[in-house]
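Colleague: Could you take one part of this model and walk me through it slowly, as you would for someone in a first year of study? I would like a connected account rather than a list.

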Amino acid sequence: MTSCIIGIDGGASKTLCVVINHQGQVLGRGEAEASNYHTVGLNTAFASIESAIRLATQDASAKLSIESVTVEAICLGLAGVGRPRDREVVQGFVQQLLSSQTIPVTWALLPSNVVICDDALIALVGGVGKPVGVVAIAGTGSIIFGRNAQGNTKRVGGWGHILGDVGSAYHIAVSGLRAAINAYDGCAVTSLRATSLQERFTTHFNLSNFNYITDIIYQPGWGVKEIASLAPIVDQAAAEGDQVALSIIEDTVNQLARATQVVIESVFPSDSECEVVTTGSVWHGLSSIRHRFESSLVMLSPNAKVIWPRHEPAYGAGLLGLLNLGKRQ
């Protein structure tokens, strides 16, 4: 019998599953569609989770040359799971998984070996390699989350694109679009009126005139992800010296650094080193945003150490399941 742990990273764009053994080695992987039930619905979310697990366990069984693996623990780290009602819904998913006829596993799950959490926690655990530290997520959206050795947590952000997401790709893109519109209207601050953003957006969409930008932004089917995908245009302009774009990047850095400082000071003693893992598309920009962030954060929190992720969030989910299994034994 090959006992294993399943880790699920379920988001708004895709679902990843890893199967690991008790030594933390990855035995199998599977990928499926989105599983944020708030956006895709209950049936689609469950189908994606089921499919990802089926593919990952089939992968593990094939590599081990066995018919099926035995699952002793499972951790589902899903976007949008932050309230008791959400956890009840995901508990229902687990019960459906146990009766699924399509997943080639032997279930040996105790209720205490089922971990349900949001995607920020698994990003932290995967990124740092343990459930202690801070994760600064800056992708389509943004959130800073920290946890100390005593299990105390603090979150800043994660309020969505309407109420928050400062420092996200969406925020950068919208700020860039607004700056371009202000320049087009002649309402920009005098010292920052000259910007290439208007021209860059016009060229990107092959528009005959910038005022047709509304046809793009307000077209049916365009939402948060599509607008966030325009952030690299602002980043490129900043990297090439556009002062308006650079001011947007600097504001992004300041917002993210300040939010991270708040999280660090809330859960970690002032004299202790804290690892801060950065994850998300924003950190890979050409305008050195991550380097700027690191420099700003160290000024605010001298004991912070900024690192790249050591593992992916799905592995973090598997590791959480493994750690929880160890506590129960």
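Modeller: Leaving aside its neighbours within four places in sequence, N324 is in contact with S112, N113 and V115, and since the model is a predicted one, please read this and what follows as computed from a prediction. N324 belongs to helix α13, which covers residues 313-328. The relative accessible area of N324 is 14%, and because buried means under 20%, N324 counts as buried.

From there we can turn to the sheet, which is open and has five strands in the order β9-β8-β7-β10-β11, with mixed pairing. Its edge strands are β9 (153-157) and β11 (304-307), each of which pairs on one side only, and neighbouring strands are turned against each other by 15 degrees on average, direction ignored. Strands of a sheet pair through backbone hydrogen bonds, either parallel or antiparallel. Here β10 (residues 274-279) pairs with β11 in the parallel sense over four bridges, and E275 has K305 in β11 as its bridge partner. Across β7 (133-138), β10 and β11 lies helix α12 (residues 289-300), which runs at about 170 degrees to β11.

A pair of helices completes the account: α2 (residues 42-64) packs with α3 (residues 84-98) at an angle of about 50 degrees, their axes being 11 Å apart, and this angle makes α2 oblique to α3. The contact is made by L42, A45, F46, I49, E50 and I53 of α2 together with V89, F93, Q96 and L97 of α3, and these residues divide into eight nonpolar, one polar and one charged.

Note on methods:
Residues are numbered from 1 along each chain as its sequence is written. This is a predicted model: local features need pLDDT of at least 70, side-chain atom pairs count only at pLDDT 80 or more; totals for chains, interfaces and linings use all residues. Side-chain values use heavy atoms; hydrogens and water are left out. Helices (H or I, at least four residues) and strands (E, at least two) are DSSP runs, numbered from the N terminus. Buried means under 20% relative accessible area, exposed over 50%, partly exposed in between (1.4 Å probe, protein chains only). Contact means heavy atoms within 4.5 Å. Two strands pair if DSSP finds at least two bridges between them. Axes are lines fitted to C-alpha atoms, for helices over the stretch in contact, and angles run from 0 to 180 degrees between N-to-C directions. Angles under 35 degrees count as roughly parallel, over 145 as roughly antiparallel, 65 to 115 as roughly perpendicular and the rest as oblique. Ala, Val, Leu, Ile, Met, Phe, Trp, Tyr, Cys and Pro count as nonpolar, Asp, Glu, Lys and Arg as charged, and the others, Gly among them, as polar.
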